[in-house]
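Student: I should like to work through the domain arrangement and the aromatic contacts of this model. May we begin once the structure is displayed?

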Amino acid sequence: RIVCYFGSWATYRIGNGKYDVESINPNLCTHIVYTFVGLDTKGNVKILDSWLDISLGGYSRFIQLKQRNPKVKLMVAIGGWNEGSASYSTMANSDLLRAVFVESAVAFVKRYGFDGFDVDWEYPTLRGGSVDDRVGFVKLLRDLRARFDQEGLLLSIATAATADYLRSAYDVPEINKYVHFVNLMAYDLHAYWDAQTGANAPMYPNSWETGYTSSMLNVDACVKAWLGAGLDPSKLVLGVPVFGHTFKLSSTSDTRIGAPTIGPGDAGPYTLEPGTLSYLEICEKLAAGDYTKTFSSVQQVPYAYRGNQWISYDDVNSIAIKVQYAKRMNLGGIMVWSIESDDARGICGEGQHPITSAVYREVFGTGAPTPGTTTTTAKTTTTSTARPITTTTTQRPLTTTTTTYRTTTTATTARPNQKLVCPANKVFCFFDNKATYRVGDGKVTIEDINPNLCTNIVYSSITLTSTGSIKLLDSYADVTNGGFARFKSVCQRAPAVKCMIGLNSLQSGSSPFSTLMNNTITRQAAVSSIMSFLIQQYQFDGLDFYWQYPVLKGGNPEDRFNFVTFISELSANLHMYGLLLTLSVAPTSDFFMGSYNVPSLVRYVDYFNVMAFNMHHYWDGKTGHQSALYASGKETSLYETQLNVDAVITGWIAEGAPASKLILGVTPTANIMKLYAANDSGIGARTAGRGDMGQYTTTEGIMSYPELCLERAKAGWETVLDRTQESFYATNKISWATYEEVQTVQLKGAYIITRGLAGMALYDMENDDVKNLCGKGFYPLLRGVNTGL
């Protein structure tokens, strides 16, 4: 197969960049995909540009391509980056909406004469999706395929390429059952958001890219991950880019791969998008001269630079290398994204559609390219790039190399061999007022907080709008019912305690935070709103900021850089008044590459509250400790070796966070899973979704500490202490619970002292046994935190 995507929006471009349906050469592709249609809130396929697609006859003119090549398959794609994930998540996880969508898709394809349908959901579980999407996506593909087979229609999907998505978004063995082929988007692996130069679609890793994340950012790793996960090679269609990514160099004297950058390169005259150029724009720039072209013999891709502009792209030679690789791997074909970005008119002297033609020639021809050779009108060099040198000397924060820590991830049960340091003395207590609405013994109010057990109390109660204004999460509880004033009164019972406010994105997702941080005016408005709230309105002692998560869940690639800028501005204002700034952060090192520029953030925050829990739950499809202290030694992947406290802390320290700024987060909330079979109930046992809800928390899949304690007192429950991972689990052969006990938080306290960390945080303290329902005393886990430290 040669699957060619067509971006219909190119008809609006000007000059040489204008590309209409009639510009397509249907003889260069076996399948051509028209992009995009969308999804409405009722589950129906919707047309995104009716003027172009209907009034100007976009669909009908596209179908007429069959007159020039009767064998070509013409498809239409739904989704794309701009559509996001939320509406697709809602549809896929609803039996009713999913059924509506399937019939709508069939009717749409048949009405306009397409041969098939391509689903480009970017991405299940992410960017506004839900944890149920991994299953929901399979259900969607199952239902589509069953109905499409009745009509003789093709079904394909476009997917993210890297291995980390296989755990979160894609159940590959199930996907393999239902799709005709998978278009693997093996590009966008490096771009300006890395804050250092890198190849858009490198064939292989550089020598220093040995860590969990960095080692997966190459075509070879992507392909092998999907094949290893269970996809039939004949169904895997390798995506190649007809575009490049551009960077603005920090220094014109440092032009290697891994050189520091200060943002995207200049926009092109046709695509008008900073940081990205079509191949046509690139070849026009190179043909104009003054660019130095270089070929990386390690990564098997070219790059070029002039002044402070640096371009990563693919040319005819590197595309041929990729096609020959696909042939060696017995893959199902090549996908081209996207043909309107090619040099359709042959302006640059390589013939018409040089990239797409190279794909066709290599797929159906016999000639193999010679690695490392290029044709150029400027000076050309071949290089094996050196390891990037970290720099933080520029005014704007730069990404330092993010690979060092990953080689130190603990994969065994070996214990740290360090001298004891001064005991940690910080106990952060996080309180959420939702517990005030519970009934009976489950009700926990602000007055139930014991401030003598905490050094810092964080009342999670506010968020930000996209314009930078403070928004109360519960104005009735906190203003009408005096929540903020009552919280201050509690803190005054222990004068030494720091009384802080928690600001989070849990209700809104990433989008509002991403929007406000991308604009100087709204960033300043947010800082002003926070300062006014903390100082003028309520006189609190600081702020804990929890963005779940930069770049993800509706965010944008720019978030990683903008987050540092915002935190630097907020920090300057808070510290001017002697107020604390802490961040609640995701635990594992895969977030370093995308969400957190740790070396830059450490300059501005007082502490990182590392939320080292929820590392296993029902979404894994098997049992596992949510907050194991150490690895089991039986993990089957490098990623799994990270899912324990020791690996988490090791990763943060190696990434550049001082141990003295790390607070280890734990939770009294138990994760409850439903076992698939009663005779299989150990670690790694197969599960069948969320377990039963507690009577007070009333949420499937979790229970508070006292809810589980009372449940375990019933007949049939067995409690097990895993001495390898230093964690408890309990089971009654129907449900399986992973949870903290006094003994395990005390062990974590000893670990914290050994590693020289700043302290421990108890999230959702309202889920501790606040009222001594289990007879172990009031706040047994929080007291265990204190005694452990």
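Student: What distance separates the centres of domain 1 and domain 2?
Tutor: The model is predicted, and its chain is divided into domain 1, residues 2–362, and domain 2, residues 426–668 together with 740–788. With the centres taken over C-alpha atoms, the separation of domain 1 and domain 2 is 37 Å.

Student: Which three residues supply 40% of the area that domain 1 buries against domain 2?
Tutor: Contact between the domains involves 14 residues of domain 1 and 19 residues of domain 2. Together the two domains bury about 1500 Å², with 60% of this on carbon and sulfur atoms. On the side of domain 1, the three residues that contribute more than any other three are Arg167, Trp193 and Tyr212.

Student: The rule finds one salt bridge across the interface of domain 1 and domain 2; which side chain meets Arg167 in a salt bridge?
Tutor: A salt bridge requires a side-chain nitrogen of Lys or Arg within 4 Å of a carboxyl oxygen of Asp or Glu. The N to O distance here is 3.0 Å, so the pair satisfies that cut-off. The partner of Arg167 is Asp620.

Student: How many residues on the side of domain 1 that touches domain 2 are nonpolar?
Tutor: Between domain 1 and domain 2, three residue pairs are in polar contact, both residues being at pLDDT 80 or more. The residues on the domain 1 side include four charged and three polar, and the number of nonpolar residues is seven.

Student: Which residues do ring pairs link into a cluster?
Tutor: The structure holds 59 aromatic pairs. Ring pairs join the following into a cluster: Phe6, Tyr19, Tyr34, Tyr59, Phe62, Phe108, Tyr112 and Phe114.

Student: Over the ring of which residue does the charged end of Arg127 sit?
Tutor: One such arrangement places the charged end of Arg686 over the ring of Tyr676, 3.8 Å from its centre. For Arg127, the charged end lies 3.4 Å from the ring centre, and the ring belongs to Trp81.

How values were computed:
Residues are numbered from 1 along each chain as its sequence is written. This is a predicted model: local features need pLDDT of at least 70, side-chain atom pairs count only at pLDDT 80 or more; totals for chains, interfaces and linings use all residues. Side-chain values use heavy atoms; hydrogens and water are left out. Domain bounds come from an automatic or database domain assignment. Contact means heavy atoms within 4.5 Å. Buried area is the accessible area (1.4 Å probe) that two parts lose on being put together, summed over both. A polar contact is a pair of N or O atoms within 3.5 Å; within protein, one must be able to donate a hydrogen and the other to accept it, and residues adjacent in sequence count only if both atoms are side-chain atoms. Ala, Val, Leu, Ile, Met, Phe, Trp, Tyr, Cys and Pro count as nonpolar, Asp, Glu, Lys and Arg as charged, and the others, Gly among them, as polar. Rings of Phe, Tyr and Trp (its six-membered ring) pair if their centres lie within 6.5 Å; planes under 30 degrees apart count as stacked, over 60 as edge-to-face and the rest as tilted. A charge sits over a ring if NZ of Lys or CZ of Arg is within 6 Å of the ring centre and within 35 degrees of the ring normal.
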